[in-house]
Amino acid sequence: MESALPAAGFLYWVGAGTMAYLALRISYSLFTALRVWGVGNEAGVGPGLGEWAVVTGGTDGIGKSYAEELAKRGMKVVLISRSQDKLDQVSSEISNYA
């Protein structure tokens, strides 16, 4: 029976190490989520990455919003779209942000 005690102690430490690892992983994930959702990532996008940005599909939906935000943050934006009319309209709207 005494030979089972070292194995039980080893398994205890394996379990404790696993729980500590999982606790750290969950804490890191929560911290990352808090940083992104709570604090935001204002410094992550903007002129610090470069002077120009290329936005494909920049005349509707997410692409248009993305292009507007980049223009508001002082970046020069190149829009790519299939429709010249929409491209001209969004281009004139975005030029007001500069």
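**Exercise 1. Burial and contacts along the chain**

Task: State what share of the protein chain counts as buried, and how its contacts divide by sequence separation.

Solution: The model is predicted. The protein chain has 98 residues, and 16% of them count as buried. For the contacts, take those between residues at least 6 apart in sequence; 54% of these join residues at least 24 apart.

**Exercise 2. Order of elements**

Task: List the secondary-structure elements from the N terminus on.

Solution: Begin with the count, which is three helices and two strands. Next, read the order in the protein chain: α-β-α-β-α.

**Exercise 3. An annotated segment**

Task: Describe the conformation of the chain over residues 6-24.

Solution: In the unreviewed UniProt entry, residues 6-24 carry the annotation "transmembrane region". In the model this stretch is 100% helix and 0% strand. The C-alpha atoms at its two ends lie 27 Å apart.

**Exercise 4. Placing Gly 50**

Task: Locate Gly 50 and decide whether Gly 50 is buried, partly exposed or exposed.

Solution: Gly 50 sits in the loop that runs between α1 (4-39) and β1 (52-56). Its relative accessibility is 24%. The cut-offs are under 20% for buried and over 50% for exposed. Gly 50 therefore counts as partly exposed. As a last step, compare sequence and space: Gly 50 and Lys 76 are 26 residues apart along the chain, and their C-alpha atoms are separated by 9.3 Å.

**Exercise 5. Packing of α2 and α3**

Task: Work out how α2 and α3 are oriented to each other, and which residues make the contact.

Solution: Helix α2 covers residues 61-72 and helix α3 covers residues 84-95. They pack at an angle of about 30°, with 9 Å between their axes. Angles under 35 degrees count as roughly parallel, so α2 and α3 are roughly parallel to each other. Their crossing is right-handed. On the α2 side, the contact is made by Lys 64, Ala 67, Glu 68 and Ala 71. The α3 side supplies Val 90, Glu 93 and Ile 94. Sorted by type, the residues of this contact comprise four nonpolar, three charged and no polar.

Terms used. Residues numbered from 1 in each chain as written. Predicted model: local features only at pLDDT ≥ 70, side-chain atom pairs only at ≥ 80, totals over all residues. Heavy atoms only, no water. Axes fitted to C-alpha atoms, helices over the stretch in contact; angles between N-to-C directions. Helix = DSSP H or I, 4+ residues; strand = E, 2+ residues; numbered from the N terminus. Parallel < 35°, antiparallel > 145°, perpendicular 65-115°, else oblique. Left-handed = near helix turned anticlockwise from the far one by under 90°. Contact = heavy atoms within 4.5 Å. Nonpolar A, V, L, I, M, F, W, Y, C, P; charged D, E, K, R; others polar. UniProt positions renumbered as here; feature names shortened; annotations may be inferred. Buried < 20%, exposed > 50% of the residue type's maximum accessible area, 1.4 Å probe, protein only.
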